[in-house]
Amino acid sequence: MEANPRSIGRLPAAFLTPGSSSFMDFLADHSPEMLPGNRKLPEGIVEAPHGTTIVAATFPGGVVLAGDRRATMGNMIAQRDIEKVFPADEYSAVGIAGTAGLAVEMVKLFQLELEHFEKVEGATLSLEGKANRLSTMIRGNLGMAMQGLAVVPLFAGWDEGREKGRIFSYDVTGGRSEEHGYAATGSGSIFARGSMKKLYRDDLTEQQATTLVVQALYDAADDDSATGGPDLARRIFPIVTVITEEGFRRLTEAESSDLARSITERRLEQPDGPRAALL
């Protein structure tokens, strides 16, 4: 029997009339094998590049999200210039820590999820709703996380309703927590968090907030071999993004370079970084 010429090249009707505003639900119904958590793993130990470290800090006009550029595989440096911070939409961003390949794939799926919702519903999700959607995606990866392929992102954005920047952290089960002031995730997070704890203030300017997160990444790289510091020779610098009521903005290479170089020069005089007041 010959195929109907009118049907050649057309998508099935279900693809043209999705019954849900969730792209994840749509994909689970029609192509579940495309979801990261449903992939079949090879037997034995899986070696894959891991990315760290991600930091974030709020300031009165918004929030800053930044990450170093190193990916490791065991005790080896797998990549020196990996990108770990991505825009989720116009007013939010996500930084990835954990298994790099899965994390990047999850971010792309998250971007599609938000775009799909906006096109179907004609409105954007609230920041709280975006944080919840990401939590669901992480929970769907639990099977792989139990086998060592975990993804633990940091999510930040501008809350239009509350008119302020907010930060959300996650665990491997998808558990979500709102962080206040500053946050860090990844292998160098304990050192980055300690750095920000002593330097953070509620009245930081945008420039001070970007300086704070790069200082924290420098301190993390100082004590954690999986975190990469500014590489002046190769011109590889942290990715720093700012989200305000005007939307998402990534610092240019020149801005990141100037900031990283100024901090590195100061560290020649004070290797351990700026000091916080005792009282």
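**A tour of two cores, a pocket and a hairpin**

Start with the largest nonpolar core, which has 25 residues; select Phe110, Leu134, Phe155, Phe168 and Tyr170, those with the most contacts inside it. A nonpolar core here is a set of buried Ala, Val, Leu, Ile, Met, Phe, Trp, Tyr and Cys residues joined through side-chain atoms within 4.5 Å, and buried means under 20% relative accessible area (1.4 Å probe, protein chains only). This is a predicted model: local features need pLDDT of at least 70, side-chain atom pairs count only at pLDDT 80 or more, and totals for chains, interfaces and linings use all residues. Residues are numbered from 1 along each chain as its sequence is written, and side-chain values use heavy atoms, without hydrogens and water.

Next, show strand E6 (85–89), helix H3 (100–121), helix H4 (127–140) and strand E10 (164–170), the elements that give two or more residues to this core. Helices (H or I, at least four residues) and strands (E, at least two) are DSSP runs, numbered from the N terminus. H3 gives the largest share, eight residues.

Centre on Leu134. Beyond its neighbours within four places in sequence, Leu134 is in contact (heavy atoms within 4.5 Å) with Val94, Phe110, Pro153, Phe155 and Tyr170. Another core, of 24 residues, lies apart from the one just shown; select Val64, Tyr182, Val213 and Leu251, which are among its members.

Now select helix H6 (189–199), helix H7 (206–223) and helix H8 (253–269): each supplies at least two residues of the lining of the largest pocket. H8 gives the most, five residues.

Finish at strands E13 (residues 239–244) and E14 (residues 247–250), which form an antiparallel pair over four bridges (pairing needs at least two DSSP bridges). Two residues separate them in a hairpin, and Thr244 has Gly247 of E14 as its bridge partner.

Terms used: Buried < 20%, exposed > 50% of the residue type's maximum accessible area, 1.4 Å probe, protein only.
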